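User: Please take one part of this structure and examine it closely, then set that part in the context of the whole chain. I would like a connected account rather than a list.

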Amino acid sequence: MNYDKFVLLFSVATLCVLFGLMFMGGYVSASGVGLSCPDWPLCPNGLAPSAEFLIEYTHRTVAASTGLLVLMTMVFVLRSKNSMRSTKVISIIAATVVFGQIALGATVITERLHAVLVTSHLALGLALYSSLIFVVINTYYTNLRLKSSSASATLSSDSGFASNVKRNSVGYSPNKSANL
Ligand code: HEM
């Protein structure tokens, strides 16, 4: 698998994990368990999960993993020499937003689910999701462009061979040899 295809698959995987995290966040909010783990950064049991705050604990844990995945996506995009400039810029924005979102999540807890903060948490999550969709679509088009340019390179080298054959066959035409 070439590097740009790997970047595409990695960014799609990151987008899927982010989708799961946002789904989970909606569930935390709708089921009213947002303050089941009232401390930050760890829950009362430390690193060990507990049945009373399992959903909120999972939301935090998956958020930490998502932060890492978004950061890695940015690094991979920046390291690719074929990435578009816009993809690089948006992946840097996504990595900045994901850490802002984690900090905002912590504030949502410390400010006891203030409505403005919870709404901002939702809005920033949507901004993050949109920016990752942008990265995925751009990376997809980068792969498509590379595929079509390698296909046209093969075609032009083939037509070069074909024209050589034609030229040679003209050189060996019976009429020409008769003239000699
Ligand atoms: C990339 C990181 C994160 C994303 C994308 C994310 C996304 C979301 C979303 C979409 C919701 C639902 C909001 C709503 O329905 O109004 C939510 C809820 C919530 N999130 Fe996060 N979250 C992230 C990280 C965190 C972190 C690190 C915490 C911190 C402890 C946190 C705490 C919460 C809480 C407490 C709620 C429920 C709020 C309520 O009860 O209304 N989130 N999250």
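Analyst: Helix H3 is followed by Arg112, whose phi is positive, near 55 degrees. That residue is a convenient place to start, and the account below works back from it into the helix. The model is predicted, and confidence is taken up at the end.

H3 covers residues 85–110. Its length can be checked against its geometry: because each residue should contribute 1.5 Å, the 26 residues of H3 should span 38 Å, and the end C-alpha atoms are indeed 38 Å apart. Burial in H3 involves Thr87, Ile90, Ser91, Ala94, Ala95, Val97, Val98, Gln101 and Val108.

Two of these buried residues lead into the interior of the protein. The largest nonpolar core has 18 residues, and Ala94 and Val98 are among those that touch the most other members, together with Val70, Leu128, Leu132 and Val135. This core draws at least two residues from each of H1, H2, H3 and H4. Ala94 shows how H3 meets its surroundings: leaving aside residues up to four places away in sequence, Ala94 touches Val70, Met74, Leu128, Ser131, Leu132 and Val135.

H3 also has a part in the surroundings of the ligand. Which helix gives the largest share of the shell around the ligand? H3 does, with 7 residues. The shell comprises 25 residues, and those that come nearest to the ligand are Gly25, Ser29, Gly34, Ala63 and Gly105. H3 is not alone here, as H1, H2 (54–79) and H4 (115–171) each supply at least two residues of the shell as well. By class, 13 of the shell residues are nonpolar, 11 are polar and 1 is charged.

Helix H1 offers a useful counterpart. H1 runs over residues 3–30, and its 28 residues should span 40 Å at 1.5 Å a residue; the distance between the end C-alpha atoms is 41 Å, so the two values agree. After H1 comes Gly32, again with a positive phi, near 70 degrees. The buried residues in H1 are Asp4, Val7, Leu8, Ser11, Thr14, Leu18, Leu21 and Gly25.

Leu18, which lies in H1, repays individual attention. Why does Leu18 count as buried? It has 22 other C-beta atoms within 10 Å, where the threshold for burial is 20 or more. Beyond residues up to four places away in sequence, Leu18 touches Thr66, Leu128, Tyr129 and Leu132. Its C-alpha atom is separated by 8.8 Å from that of Gly125, although the two residues are 107 apart along the chain. Leu128 and Leu132 also appear among the contacts of Ala94.

In the chain as a whole there are 5 helices and 0 strands, and the elements follow the order α-α-α-α-α from the N terminus on. Of the 180 residues, 22% are buried. Among contacts between residues at least 6 apart in sequence, 73% join residues at least 24 apart.

Finally, confidence. The chain has an average pLDDT of 90, and 87% of its residues score at least 70. Confidence is highest in H1, at 98, and lowest in helix H5 (residues 174–179), at a mean of 46. Residues 176–180 have a pLDDT below 50, and this stretch has 1 contact in the model beyond near neighbours in sequence. Over residues 169–174 the pLDDT likewise stays under 50, and the model has 1 contact beyond four places in sequence for them.

Key
Residues are numbered from 1 along each chain as its sequence is written. This is a predicted model: local features need pLDDT of at least 70, side-chain atom pairs count only at pLDDT 80 or more; totals for chains, interfaces and linings use all residues. Helices (H or I, at least four residues) and strands (E, at least two) are DSSP runs, numbered from the N terminus. The expected span of a helix is 1.5 Å times one less than its number of residues. A residue is buried if 20 or more other C-beta atoms lie within 10 Å of its own, exposed if 12 or fewer, and partly exposed in between; C-beta atoms are placed from the backbone. A residue is near a molecule or strand if its C-beta atom, placed from the backbone, lies within 6 Å of it. Ala, Val, Leu, Ile, Met, Phe, Trp, Tyr, Cys and Pro count as nonpolar, Asp, Glu, Lys and Arg as charged, and the others, Gly among them, as polar. Two residues are in contact if their C-beta atoms, placed from the backbone, lie within 7 Å. A nonpolar core is a set of buried Ala, Val, Leu, Ile, Met, Phe, Trp, Tyr and Cys residues joined through C-beta atoms within 7 Å. pLDDT is the predictor's confidence in each residue, from 0 to 100.
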